[in-house]
Amino acid sequence: MTSCNQGATSEVLLVPQESPYFWGQCCGDWDSSSDSEDDAEAKSKNILQEMETISIKLKESEFYSELNKQINSVDFQSQLTRVRSGHDLDKVPMVIYGLGSVSKSNQSRHQLAFALSLQRDLSDWISDRIEVYDPKLSKADMTVLEELGCTVLSVNEEGKRRVERPTLFFMPYAPTYLEGNLLEANWSPSNINHVILLTNKMTEELEYYQLRQEGLGLQRPLKVDLEEG
């Protein structure tokens, strides 16, 4: 883990692509390409039941336990306090980009279970306001997300949300261009400090922006890097 001095920086949680907890390892996938209202309701019930099973297995995994240790470490918490300090330590909203279809993709169901478990276990600083967008979302997907307390965005922001307060972006497998759009939209000392990005690796986009930080006098991101073994 690397630490940062005071200054404008984005915070990056790195979830390894080859992690001890594989994102999708149970049950088959559903085809929700043409959901009627009745089909969406029936499928959503099945998905919600499976989500409960996934959440239990996830919370029992070594990977999830290790990630929580990293997030609750003194180093990361001190950086988090700094980011939130100008906002009366308000809770941080979560935005999920690139989730995919939870009715079609087992990986998407695992990602959603992971995001919701993080929110519940870290509710002292992550708010229950979770916004989700993916162009692949079906009626069944939207029903599941709303049942789980999430807000489904109606507009495709293309990752270009400019934030004025600390915000956690959950994007473990989002396309690289979304990461680039997000960083570009917030690439100023007053905004980049508000971006907390949870991703599975430092992509070329993130490495490129790290280099650009030096030219703007910004600090390199704090990295929570979980390695297998």
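**Helix 6, the central strands and the nonpolar cores**

Leu 183 is located in helix 6, which spans residues 176–185, in a model that is predicted. With a relative accessible area of 3%, Leu 183 falls under the 20% limit and is therefore counted as buried. Its C-alpha atom is separated by 8.7 Å from that of Gly 159, a residue 24 positions away along the chain.

The protein as a whole contains eight helices and seven strands, and 54% of its 229 residues count as buried. Among the contacts with a separation of 6 or more, 78% involve residues that are 24 or more positions apart. The surface that the protein exposes amounts to about 10,700 Å², of which carbon and sulfur atoms supply 45%.

Strand 5, formed by residues 167–170, has both of its faces covered. On one side Thr 167 and Phe 169 are buried, and on the other side Leu 168 and Phe 170 are buried as well. Strand 5 pairs in the parallel sense with strand 2 (residues 92–97) over three bridges, and within this pairing Ile 96 stands opposite Phe 170. Strand 5 also pairs with strand 6 (residues 195–199), again in the parallel sense, over four bridges. In the pairing with strand 6, Thr 167 stands opposite Val 195, while the bridge partner of Phe 169 is Leu 197.

Strand 6 is itself mostly covered, given that five of its five residues are buried. From this strand, Val 195, Leu 197 and Thr 199 point one way, whereas Ile 196 and Leu 198 point the other way.

Helix 4 comprises the 16 residues 106–121 and reaches 22 Å from its first C-alpha to its last, a span close to the 22 Å expected at 1.5 Å a residue. Of these 16 residues, 13 are buried, so helix 4 is largely enclosed by the rest of the structure. At the start of helix 4, a side-chain oxygen of Ser 105 comes to within 3.3 Å of the backbone nitrogen of Gln 107.

The largest nonpolar core has 35 residues, of which Ile 96, Phe 114 and Trp 125 touch the most other members. Helix 4 contributes the largest share of this core, namely six residues. A second core, separate from the largest one, holds 13 residues, including Leu 183, Trp 187, Ile 192 and Leu 197. The buried Leu 183 of helix 6 and Leu 197, the bridge partner of Phe 169 in the pairing of strands 5 and 6, are thus both listed in this second core.

A local backbone feature concerns Glu 158, which lies in the loop between strand 4 (151–152) and strand 5. Although Glu 158 is not a glycine, its phi is positive, at about 55°. Most residues other than glycine have a negative phi. Glu 158 has a relative accessible area of 38%, and because values between 20% and 50% count as partly exposed, this residue is placed in that class.

Definitions and conventions
Residues are numbered from 1 along each chain as its sequence is written. This is a predicted model: local features need pLDDT of at least 70, side-chain atom pairs count only at pLDDT 80 or more; totals for chains, interfaces and linings use all residues. Side-chain values use heavy atoms; hydrogens and water are left out. Helices (H or I, at least four residues) and strands (E, at least two) are DSSP runs, numbered from the N terminus. Buried means under 20% relative accessible area, exposed over 50%, partly exposed in between (1.4 Å probe, protein chains only). Contact means heavy atoms within 4.5 Å. Accessible areas come from the Shrake-Rupley method with a 1.4 Å probe; for residues, only the protein chains shown count as cover. Two strands pair if DSSP finds at least two bridges between them. The expected span of a helix is 1.5 Å times one less than its number of residues. A polar contact is a pair of N or O atoms within 3.5 Å; within protein, one must be able to donate a hydrogen and the other to accept it, and residues adjacent in sequence count only if both atoms are side-chain atoms. A nonpolar core is a set of buried Ala, Val, Leu, Ile, Met, Phe, Trp, Tyr and Cys residues joined through side-chain atoms within 4.5 Å.
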